[in-house]
Amino acid sequence: MNYGYARVSTKDQNELRQIIALKKFGVCEKNIYTDKQSGKDFERENYKKLIKLLKKDDVFVVKSIDRLGRNYDEILEQWYFLTKEKDVAIVVLDMPLLDTRRNKDLIGSLIADIVLQLLSYVAQTEREFIHQRQAEGIACAKAHGVRFGRPPKERTKEFYELKTQWKNKKISARKAAKKLGISHKTFLSWVNH
């Protein structure tokens, strides 16, 4: 049985390109599992469901190695788990050398292992570069006065009245916060600063 896996990092991204490639390979739609989650680890709901279904001699198909994941050690660990422990074949569509159905001899296995390690390294390195570029972009934006997050809520006249009542123990912090439409924690932070 052929099973496919597609992954994108965010809900804004579209996995359709991967799904089309998986269908073209011959994976039927009901056997395609998708996640909209980072590839930093394998704690992904649909990936876990798929792995539980896989049986000996099934074929696990993925468009590219970075869709499987972006953590070098974990990719290698999953690869070993799938191919050796579950005895499942893996096909990486963008890299024909990573088709474990072929070249099962020693040289074929050696080449596949080398290519897998290289691509896994590249996937993790790209993830690290993404984080580095993101951090640099945020630092640059902050240096130019860009503020991130929600703007701070203004303290109204009602806050100061409720603060006085709270200090005089006429109202609880929770009730005061509820009247202001803020969290209990925020109310306590405001009265203490």
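For sorting residues by class, Ala, Val, Leu, Ile, Met, Phe, Trp, Tyr, Cys and Pro are nonpolar, Asp, Glu, Lys and Arg are charged, and the others, Gly among them, are polar. The model is predicted, so local features need pLDDT of at least 70 and side-chain atom pairs pLDDT 80 or more, while totals for chains, interfaces and linings use all residues. Numbering runs from 1 along each chain as its sequence is written, and side-chain values use heavy atoms, without hydrogens and water.

**Exercise 1.** Sort the lining of the second largest pocket by class.

Solution. Start with the list: Arg-7, Ser-9, Ser-38, Gly-39, Lys-40, Arg-70, Arg-127, Ile-130, His-131 and Gln-134 line this pocket. Next, apply the classes: you get 1 nonpolar, 5 polar and 4 charged residues.

**Exercise 2.** Find the helix that gives the largest share of that lining.

Solution. Helices here are DSSP runs of H or I with at least four residues, strands are runs of E with at least two, and both are numbered from the N terminus. Helix α5 (residues 106-143) gives the largest share, 4 residues.

**Exercise 3.** Look at phi of Asp-57 and say whether the residue is buried or exposed.

Solution. First, some background: most residues other than glycine have a negative phi. Asp-57 isn't a glycine, yet its phi is positive, about 75°. Now locate Asp-57: go to the loop between α2 (45-53) and β3 (59-62). Last, check the accessibility (buried is under 20% relative accessible area, exposed over 50%, partly exposed in between, with a 1.4 Å probe and protein chains only). Asp-57 comes out at 56%, so it's exposed.

Terms used. On a 1 Å grid over the protein atoms alone, a cavity is a set of points where a 1.4 Å probe fits but cannot get out, and a pocket is an open set with protein on both sides within 12 Å along at least five of seven lines; lining residues have an atom within 4 Å of a point.
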